[in-house]
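Open the model in your viewer, switch to a cartoon display, and keep the sequence panel at hand. The tour goes from one selection to the next, with a pause at each stop to look around.

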Amino acid sequence: MKIKKQKELFLSCNVAGFAHYEGCIVFSELQIGTKLHLVREDENVYDHDAVAIFYGDTHIGYVPSSKNEQLATMLDLGHENLFEVYVQQLDSTAHPEQQVHVGIFVKAKVKRAPGTRFPKIDHFPHLVKYFCSGSRNAH
């Protein structure tokens, strides 16, 4: 019997800016497995690919800028309901930028290109158009 995965890990990262937002206010409420949500901030003046992380209505930080480009693209293309975000690790003794580690999961199983971790591009034809059209460099 083959077990069907319900979620696929898309990205695992620390919450950037945790000390600068309201993360410390809700830290005691967070547990491993706590569900969080993403908000795309396409008008963020510091990072045009900014993706904020929220616990309820509380802004706790961001997906690190070094890891947010693909996720921002997917959110820009209207796939915000494709992702789920959960707390994976908590460490109150660590530096604030290392205290909360999250996993961002794709809800449905994505077929992979043979021998890679990446989705088959034909499953995302709108991405082919987006990346090949040169429009990505316009923002």
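What follows is a walk through a predicted model, from the whole chain to single residues.

**The whole chain**

Begin with the entire protein chain selected, and colour it by secondary structure, so that you can find the three helices and six strands that it contains. If you trace the chain from the N terminus, the elements come in the order β-α-β-β-β-α-β-β-α. Of the 139 residues in the chain, 38% are buried. Among the contacts with a separation of 6 or more, 58% are between residues 24 or more positions apart.

**The sheet**

Next, select the six strands together, which form an open sheet in the order S1-S6-S5-S2-S3-S4, with antiparallel pairing. At the edges you will find strand S1 (8-14) and strand S4 (58-62), each of which pairs on one side only. From one strand to the next, the twist averages 35 degrees. As general background, the strands of a sheet pair through backbone hydrogen bonds, and this pairing is either parallel or antiparallel.

Now move to the edge formed by S4 and show strand S3 (residues 51-55) beside it; the two are antiparallel and share four bridges. Within this pair, look for Tyr55, which stands opposite Thr58 in S4.

**Strand S6**

Go across to strand S6 (100-106), and ask how many of its seven residues are buried. Seven of the seven are buried, so S6 is largely enclosed by the rest of the structure. Show the side chains to see that both faces are covered, with Val100, Val102, Ile104 and Val106 on one side and His101, Gly103 and Phe105 on the other.

Then add the partners of S6. Strand S1 runs antiparallel to S6 and is joined to it by six bridges, and here Leu9 has Phe105 as its bridge partner in S6. Strand S5 also pairs with S6 in the antiparallel sense, over seven bridges, and here Phe83 has Val106 as its bridge partner.

**Helix H2 on the sheet**

Select helix H2, residues 69-76, which packs on the sheet and touches S1, S2, S3, S5 and S6. If you look along strand S2 (35-40), you can judge how the helix crosses, since the direction of H2 makes about 75 degrees with that of S2. Which residues of H2 are buried? They are Leu71, Ala72, Thr73, Met74 and Leu75. Just after the helix, stop at Gly78, which takes a positive phi of about 90 degrees.

**Two residues of strand S2**

Stay with S2 and select Val39, which is found in this strand. Is Val39 buried or partly exposed? Its relative accessibility is 31%, and therefore it counts as partly exposed. Leaving out residues up to four places away in sequence, Val39 touches Ala50, Val51, Ala52 and Phe54. You can also draw a distance from Val39 to Leu75, which is 36 residues away in sequence, and the C-alpha atoms are 8.6 Å apart.

In the same way, select Lys35, whose place is also in strand S2. Lys35 has a relative accessible area of 49%, so it is partly exposed. Apart from residues up to four places away in sequence, Lys35 touches Tyr55, Glu84, Val85 and Tyr86. The C-alpha atoms of Lys35 and Val87 are separated by 6.7 Å, although these residues are 52 apart along the chain.

**The second largest pocket**

For the last stop, turn on a surface and select Ala16, Gly17, Tyr21, Asn44, Tyr46, Asp47, Ala50, Tyr62, Val63, Pro64 and Ser65, which line the second largest pocket. This pocket has a volume of about 210 Å³, and its lining residues divide into seven nonpolar, three polar and one charged.

Finish on Pro64, which lies in the loop between S4 and H2. Pro64 counts as buried because its relative accessibility is 15%, where the cut-off for buried is under 20%. Apart from neighbours within four places in sequence, Pro64 is in contact with Cys13, Asn14 and Ala16. From Pro64 to Ala52, 12 residues apart in sequence, the C-alpha to C-alpha distance is 9.4 Å.

Methods. Residues are numbered from 1 along each chain as its sequence is written. This is a predicted model: local features need pLDDT of at least 70, side-chain atom pairs count only at pLDDT 80 or more; totals for chains, interfaces and linings use all residues. Side-chain values use heavy atoms; hydrogens and water are left out. Two strands pair if DSSP finds at least two bridges between them. Axes are lines fitted to C-alpha atoms, for helices over the stretch in contact, and angles run from 0 to 180 degrees between N-to-C directions. Contact means heavy atoms within 4.5 Å. Buried means under 20% relative accessible area, exposed over 50%, partly exposed in between (1.4 Å probe, protein chains only). On a 1 Å grid over the protein atoms alone, a cavity is a set of points where a 1.4 Å probe fits but cannot get out, and a pocket is an open set with protein on both sides within 12 Å along at least five of seven lines; lining residues have an atom within 4 Å of a point. Grid points are joined across faces, edges and corners, and a volume is the space filled by probe spheres set on the points. Ala, Val, Leu, Ile, Met, Phe, Trp, Tyr, Cys and Pro count as nonpolar, Asp, Glu, Lys and Arg as charged, and the others, Gly among them, as polar.
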